[in-house]
Each structure stands twice: as C-alpha cells, then as structure tokens.
Amino acid sequence: MIWNEYHECMDRQRLTELQGERLRDMVERIYFNVPFYRNKLQEMGIEPGDIRSIEDLKKLPFTTKQDLRDNYPFGLFAVPQHDVVRLHASSGTTGKSTVVGYTHNDILMWSEVVARSLTMAGVTRDDIIQVAYGYGLFTGGLGLHYGAEKVGASVIPISGGNTKKQLQLLEDFGSTAIACTPSYAAYLGEAIAEEKLDRSKIKLKAGIFGAEPWTEEMRTQIEQLLGLKAFDIYGLSEVIGPGVSMECGFQHGMHVFEDHFIPEIIDPETCEVLPYGTLGELVFTTVTKEAMPLLRYRTRDLTRLHVETCDCGRTLVRMEKCVGRSDDMLIIRGVNVFPSQVESVLLEMSETKPHYLLVVDRENNLDTLEIQVEVEEQFFSDEVKELEGLRKRISGNLTSLLGLHASVRLVEPGTIERSQGKAQRVVDKRKLK
Amino acid sequence: MIIRQLSVFLENRAGRLTELTGILADNDINISAFSIADTTDFGILRVITGKPELAEKVLKERGFAVKITEVIGIVMRNKPGALHHALQILTDNGISIEYMYAFASGDDRATAVIRTDTPQKAIEVLQLHEMELLQAGDVYQI
C-alpha cells in the first residue's frame, strides 16, 4: 500500500523539478521574512532570483543547531505569530530549548508524511494504534497521533510509560499497531513475558519505532517478543518531527519524503556535498514548511543515501540507519543529551567543579544515565546527609534540564581522567554498533 | 578540649581503605579511633590520629578529599548508664549530635567522640556537670 503514489513514486526528473520550484519559493519566503537568512544570503551575495533549480542548493548557506539557539525562541519564524498554531521544543545544549513552530498547513503536511509512514508499515483505517510516544513538547506523540488519525486508524493516545495500562489496553482493545521508542517496545515485550499474559489476546502486527538508535538484533528481539513486524521511523523536530523518513516493507533503508525535505550528505569537515552511497553528515532543507523553514540544516547524523528505486516501487531516496553523530550528542530513551548540558548545570552550582563523566548503559532494555561528579575539597562535608543532599540537588537540576532521570554518583577528586584537549566525557556501554 | 578529627571521602572501591591505612602506617601515624559512615556509593571515614596536620597533608598529596573536623571527646566510666548520663546533659541543654562513635580504653574507661554544631557550648555544659573531656594531648602530639 502506498498512501500518496503521485509523490512517493514520482519520476526522479519530475521530482527534482518540483524540488527546484519549491526551493525557489522557500528562498524567497525566508529572504523577505527571516532577517537571519536575509543577512546570511546578502553576505554571500545571493538574491532570491539566483536560485533557479535544485542545482543551486549547494550555493546556499547551512543552518546549525547553534543558529536555532542564537535565535531563541522565535527568531527563525517566517510567519507572524498569529499564523503559528503549534509549538514544540526539545532540550537545548546549554539550558535553552530548541523551539519549532508549525502553521496549520505545516500540521497538515506533517500529518501527510506520517500517514505515508504508517501506510508503509501496513497501518490502515481498520487498525487500532497505541501511540506510546510521549505527548507534550516532544514531537513523537502528537506527530504519530495526527498521522494516524489522517490514515483513519483508531488512535489510543496513551503516551509513554504506565506499562501496566499499556498491557491492559493491548489486551482489552486489541491494538494492532504500536508506536514508541524501540527500547520501550522491548521493555513492553519483556513485561508481557513476565506477567505471563495470554499471547493469543495480543493482536499487534506492526510496530513503528524510532527517536533513538537501535540495531538489527533489537529488531529481531522486539519482533519475537511482541509478535509483530518492526519498522524504523526517522525524524527530528527541527525538520518536522517523526515522519522525515520511514522504512517500507522491504526494509532497505528509510524512504525520505523528498518532496518536502531535500536531503544531502556532506563531509562534516569540509562541508562538501558527497555523492550517493557515501557516508557523511545528513543535511535537510525543508522546502514546504511555512512557520520555520530551514535551509540546509545540519542534523549531525551520519548515514548514507541510496537513490536506486526500491522494490516497493517508491522512487524516493533511502537513508541507512544512522551510524553515529558528527557531534557529541547522545540519544538516551529518545531524549537528546549533550555533555555540555551537564557541564552547564555543574558550573551553575557553586559546590561543584565541571569534572564529570556520563555513563550510559542499557538495563532491561531501558537506557540508564549515571553522572559521576568529583567531590571537591571545598564542598566536601563529613556529614552523610549533606553529601546526599548535594547529590540529590545535582540530580534534580540535571533531571529538570535534561528531561530525563539522571542518577548522580559522587567520586573522589582526581579520579575522572583529565586529558589534553578534548576530554573523554562519555562512556556509552550500550552495544548499538 | 577540641579534638581535630580527619574526615576522608572514600568511594566504595575495593582496597581504598587499605590504601589509606597504608599511607598512615608509612608515615608513622597512629590511629586512636575511627568510624565509617557508609552509603551505597561512598563512605566517609572519620579518624582521630596522632599528627593530624601531617595526616591531612600526606592524604591530600595522595588525592584523598580530606577535611579537618572539630569534635569533642567525653571520657566516662565504662559502666551502665554512663553514656546516658552524658547524653542527657547535652539534650537538656538543647545540643544536638550530628554523629558520634565510641571506644573503650582499658577496663574502666570509655570515650565517646561527638560531633555537634556547637562544640564550645557542649564543652561548657559538660564541664559544668564535671564530666571529664578528652584532651588533645591525650591522643596526639601537638
């Protein structure tokens, strides 16, 4: 099943023409409505009329997460606030969130790409889908929700967590599809086994999993535990949210919805555009988005693009699972975490010095984050309650900034390795590669 | 009257305490009394030694987080009710104890080491009740 055959199976020549038209229109919109882009383009001596086809994309400037931070909160919006109908945000690197806005049309476009994605996973109006991504500032829950409604499926907006309720609804409502992070899917699968639920009552046939890295081994494990076919969905809030690309039933990579998001692969050092099939950093230009169009946004995700037509008939390029990051961002339980966020919390607290180590692990399929902080002489108290209080304060501050529980472990001074130049701040024990 | 106690932060790591006692032994520093407060992740060693300044210096040199804490020592008869009597005096005077530990020396005497926020006041009320207090010179060379 293909939701939008016209766009998903478009002749590539026609597709690049469409992308060129949309890019021209986008550059004009941001030139006249976003001072940040107008200044950048003027500095480079580019005027909207200079952009005529997709070939001209490489002349345009990049956008980085730092640009989003510098223009916090609404500086990159290309429409007046009264046209913005939704705001989402993800945690930022130094305390400030990355904010994204949507117009009514943006929500329709987002619903469209998620509807295409769900159709790839075989979800139709006859399905009951449990949306177990978090609802809220995070784009996962609401993104899947609107797309599933567009398909016409019966949507259960249960959000994340509350495992007992999830299992009960799986049984009682007979949910046929579920959308959540892959680690939560594995956790649910193990809970089913532990609670000795009647497997015949579990009707799941498709799982739409994303927002964090996962492996083929995890796919096999989840498929066995939940008795479904597991599909990989990719997205990031800066571009739209989930639904930037999605795996079809052939699972030869994720189809990028190129009529809306133009992908490029660049060398993260030289920023040179690399040919199809080469590993590099993924970059997106959002040609149709109205509220916050981004020009050549650097995702920092490392992957490859393949352009050969898929067995499913779609002509859209396929991206491989991301193999890493060109920065130090970690994805822990679907939440983006930068070591610099931890540093900013420690620097704000007078009792701590920014000597720390993030230890990421996966226990019972759930990611855990432990932050080791050195006890410095000046704040060392010989009373347990003082040190415990300090530990809880650090943990509380980190948890509220990261949006993710972080346990804190106090360690002796000098035990966290100091290195020349770039310090080793992260130990990731999860075996994902 | 004030006794200078060393407080040392210790990670719960095998051999870490042995390393510390080794450093004290190598520097000919005697341990008169000690206790350990432990949590799941770390412990705090409280130790009264001869030469507290030297002990602080050598431990810091070896990377330990060390702090000198002021405590008092109450010397009592080693018999039923003696500790209760001493604590009752502190309680009656509104002095609260952060932590304490005790050791017996010989057959008839015992010492309770007490950490309080108000050590001077504690000393005064205990002396008022003619309690014997541990002298710094009893445990370490000044």
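I'm counting two residues as in contact if their C-beta atoms, placed from the backbone, lie within 7 Å. Helices (H or I, at least four residues) and strands (E, at least two) are DSSP runs for me, numbered from the N terminus.

**Ground rules**

This is a predicted model, so I note that local features need pLDDT of at least 70 and side-chain atom pairs count only at pLDDT 80 or more, while totals for chains, interfaces and linings use all residues. Residues are numbered from 1 along each chain as its sequence is written, and chains are lettered from A and ligands numbered from 1 in the order in which they are written.

**Helix 5 of chain A**

I started with helix 5 of chain A, residues 104-120. It has 17 residues and reaches 25 Å from its first C-alpha to its last, close to the 24 Å expected at 1.5 Å a residue (the expected span is 1.5 Å times one less than the number of residues).

How many of its 17 residues are buried? I get 12, so helix 5 of chain A is largely enclosed by the rest of the structure. My cut-offs: buried is 20 or more other C-beta atoms within 10 Å of a residue's own, exposed is 12 or fewer, partly exposed is in between, with C-beta atoms placed from the backbone. The buried set includes A:Trp110, A:Met109 and A:Leu118, and also A:Asp106, A:Glu112 and A:Arg116.

What do these buried residues pack against? On the helical side I find helix 1 (5-8) and helix 6 (139-151) of chain A. The strands are strand 2 (98-103), strand 6 (206-210), strand 7 (229-236) and strand 8 (241-247) of chain A. After helix 5 of chain A comes A:Gly122, with a positive phi near 85°.

**Strand 6 of chain A**

Strand 6 was on that packing list, so I looked at it next. Five of the five residues of strand 6 of chain A are buried, so this strand too is largely enclosed by the rest of the structure. A:Ala206, A:Ile208 and A:Gly210 point one way, A:Gly207 and A:Phe209 the other, and all are buried.

Then I checked its neighbours, calling two strands paired if DSSP finds at least two bridges between them.

- Strand 5 (residues 177-180) of chain A runs parallel to strand 6 of chain A, with four bridges joining them. A:Ile178 stands opposite A:Gly207 here.
- Strand 7 of chain A also runs parallel to strand 6 of chain A, and five bridges join this pair. A:Phe231 in strand 7 is the bridge partner of A:Ile208.

Which helices belong to the crossovers? Helix 8 (residues 182-194) of chain A sits with strand 5 and strand 6 in a right-handed β-α-β unit. Helix 9 (residues 216-226) of chain A does the job with strand 6 and strand 7, again as a right-handed β-α-β unit. By right-handed I mean that, with the strands pointing away from the viewer, the path from the first strand over the helix to the second runs clockwise.

**Domains of chain A**

Chain A is divided into domain 1 (5-327) and domain 2 (331-428); the bounds come from an automatic or database domain assignment. Their C-alpha centres lie 31 Å apart. I find 14 residues of domain 1 in contact with 16 residues of domain 2. Helix 8 of chain A gives the largest share of the domain 1 side, four residues. That side has four nonpolar, eight polar and two charged residues. For the classes, Ala, Val, Leu, Ile, Met, Phe, Trp, Tyr, Cys and Pro count as nonpolar, Asp, Glu, Lys and Arg as charged, and the others, Gly among them, as polar.

**Chain B**

Chain B gets domain 1 (2-68) and domain 2 (71-139), with 23 Å between their centres, taken over C-alpha atoms. Nine residues from domain 1 and 11 residues from domain 2 make the contact. Strand 2 (31-38) of chain B and strand 1 of chain B each give two or more residues to the domain 1 side, and strand 2 has the largest share there with four residues. By class I have five nonpolar, four polar and no charged residues on that side.

Against chain A, 15 residues of chain B touch 13 residues of chain A. Strand 1 (2-11), strand 3 (42-49) and strand 4 (65-77) of chain B each supply at least two residues of that side. It divides into six nonpolar, four polar and five charged.
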